[in-house]
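I'm keeping these notes as I click through the model. Short entries, one topic at a time.

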Amino acid sequence: MDTPPPPTPRTEPTDADVAAFKQQLGRPPRGLRAIAHRCPCGQPDVVETAPRLPDGTPFPTLYYLTCPKAASAIGTLEADGVMKEMTARLASDPELAAAYRAAHEDYIRRRDEIEELTGFPSAGGMPDRVKCLHVLVAHSLAAGPGVNPLGDEALAMLPEWWRKGACVTPVTDEEGGQ
């Protein structure tokens with residue numbers, strides 16, 4: 001990727017955002033709090049979820065990647081062994097391990113500002129391993145560059161998924177959206 005998508009302000013979800021989320025994931029949102037990042041195409045690509053779902057179930061994934069194009073590209077990285085390589089680097093690079101621990105602490109702090117989930121780790125395998133690049137990229141997109149070093153690295157490896165157009169078709173008033 002030449003340049004990662006720029007940070008976008010956190011916004012309250014609109015009806016059109018909820019409709020896009022439903023199209024992206026094929027289900028209604030659960031615990032949706034905000035749009036944490038927008039794809040350059042204008043659609044949400046990362047949502048912020050509540051630490052607990054409406055039924056009280058803990059949901060420690062604060063930032064959830066919703067764009068299927070980005071998710072597919074990240075899945076390719078995972079299949080290519082990027083997570084294993086990153087985890088190995090954590091064991092041999094103290095500076096990277098310290099920066100990744102700081103990313104974990106940032107993630108927990110942001111989640112705990114909403115509601116503390118005592119005993120629940122941050123997502124993505126932080127701070128000791130890389131378990132899910134989707135979460136790390138979502139954290140990087142929501143928090144901006146420089147917060148999650150491995151999320152930033154994974155983001156830099158991705159193609160510009162938005163270049164061929166939006167992952168979903170905006171919904172019109174007649175369809176229950178905009």
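**Entry 1: cysteines**

Is Cys-167 buried, partly exposed or exposed? I looked it up: Cys-167 is partly exposed, because its relative accessible area is 22% and the buried class stops under 20%. One reminder to myself before going on: this is a predicted model.

Next I went after disulfides. My search of the whole structure turned up zero. Cys-132 is in none, and the nearest cysteine sulfur, in Cys-67, sits 15 Å away. Why is Cys-167 not bonded to Cys-67? The sulfur of Cys-67 is the closest cysteine sulfur to that of Cys-167, but at 3.9 Å it is too far for a bond, because a disulfide needs the two sulfur atoms within 2.5 Å.

While on Cys-132, I placed it in the loop between helix 4 and helix 5. Leaving out residues up to four places away in sequence, Cys-132 touches Glu-78, Met-83 and Gly-124. I also took its C-alpha distance to Gly-75: 9.3 Å in space, with the two positions 57 residues apart in sequence.

**Entry 2: the loop between helix 4 and helix 5**

I stayed in this loop, since Pro-127 lies there too. The peptide bond joining Met-126 and Pro-127 is cis, with omega at about 5 degrees. I flagged that in my notes because most peptide bonds are trans.

Asp-128 belongs to the loop as well, which runs between helix 4 (94–114) and helix 5 (133–143). Is Asp-128 buried or exposed? Asp-128 counts as exposed, at 55% relative accessibility. Its side chain still has a partner: a polar contact of 3.3 Å with the side chain of Arg-101. Beyond four places in sequence, the residues that Asp-128 touches are Thr-87, Leu-90, Tyr-100 and Arg-101. From Asp-128 to Pro-51 I get 21 Å, C-alpha to C-alpha, for residues 77 apart in sequence.

**Entry 3: the largest pocket**

Which residues line the largest pocket? I listed Pro-60, Thr-61, Pro-121, Ser-122, Ala-123, Gly-124, Gly-125, Met-126, Arg-129, Lys-131, Cys-132 and Val-135. So Cys-132 from my first entry turns up again, in the pocket lining. By class the lining has six nonpolar, four polar and two charged residues. The space in this pocket comes to about 180 Å³.

**Entry 4: helix 5**

I wanted to know how enclosed helix 5 is. Nine of its 11 residues are buried, so helix 5 is largely enclosed by the rest of the structure. The buried ones are Leu-133, Val-135, Leu-136, Val-137, Ala-138, His-139, Ser-140, Leu-141 and Ala-142. Gly-144 follows the helix with a positive phi, near 95 degrees.

**Entry 5: His-37**

His-37 is in strand 1. It is buried, because a relative accessible area of 0% falls under the 20% cut-off. Which side chain does the His-37 side chain meet in a polar contact? That is Asp-45, at 2.7 Å. With neighbours within four places set aside, the contacts of His-37 include Leu-141 and Ala-142, two of the buried residues of helix 5. Pro-5, Pro-6, Pro-7 and Thr-8 are also among its contacts.

**Entry 6: helix 1 and Asp-17**

In helix 1 I found these buried residues: Ala-16, Asp-17, Ala-19, Ala-20, Phe-21 and Gln-24. Some of that spacing reminds me that residues three or four places apart in an α-helix point the same way, because there are 3.6 residues a turn. What covers the buried residues of helix 1? The cover includes strand 1 (32–38), strand 2 (44–49) and helix 2 (68–79).

I singled out Asp-17, in helix 1 (residues 15–25). Its relative accessible area is 6%, so Asp-17 is buried. The side chains of Asp-17 and Arg-38 are joined by a polar contact of 2.7 Å. Outside four places in sequence, Asp-17 touches Glu-12, Ile-35, Arg-38 and Pro-44. Just after helix 1, Gly-26 has a positive phi of about 75 degrees.

**Entry 7: cavities**

Last lookup. How many cavities of 30 Å³ or more does a search of the whole structure find? It finds one. The largest cavity has a volume of about 60 Å³. Its lining includes Phe-21, one of the buried residues of helix 1, along with Arg-27, Pro-29 and Tyr-64, among others. The lining residues divide into seven nonpolar, one polar and two charged.

Terms used: Residues are numbered from 1 along each chain as its sequence is written. This is a predicted model: local features need pLDDT of at least 70, side-chain atom pairs count only at pLDDT 80 or more; totals for chains, interfaces and linings use all residues. Side-chain values use heavy atoms; hydrogens and water are left out. Helices (H or I, at least four residues) and strands (E, at least two) are DSSP runs, numbered from the N terminus. Buried means under 20% relative accessible area, exposed over 50%, partly exposed in between (1.4 Å probe, protein chains only). A polar contact is a pair of N or O atoms within 3.5 Å; within protein, one must be able to donate a hydrogen and the other to accept it, and residues adjacent in sequence count only if both atoms are side-chain atoms. Contact means heavy atoms within 4.5 Å. On a 1 Å grid over the protein atoms alone, a cavity is a set of points where a 1.4 Å probe fits but cannot get out, and a pocket is an open set with protein on both sides within 12 Å along at least five of seven lines; lining residues have an atom within 4 Å of a point. Grid points are joined across faces, edges and corners, and a volume is the space filled by probe spheres set on the points. Ala, Val, Leu, Ile, Met, Phe, Trp, Tyr, Cys and Pro count as nonpolar, Asp, Glu, Lys and Arg as charged, and the others, Gly among them, as polar.
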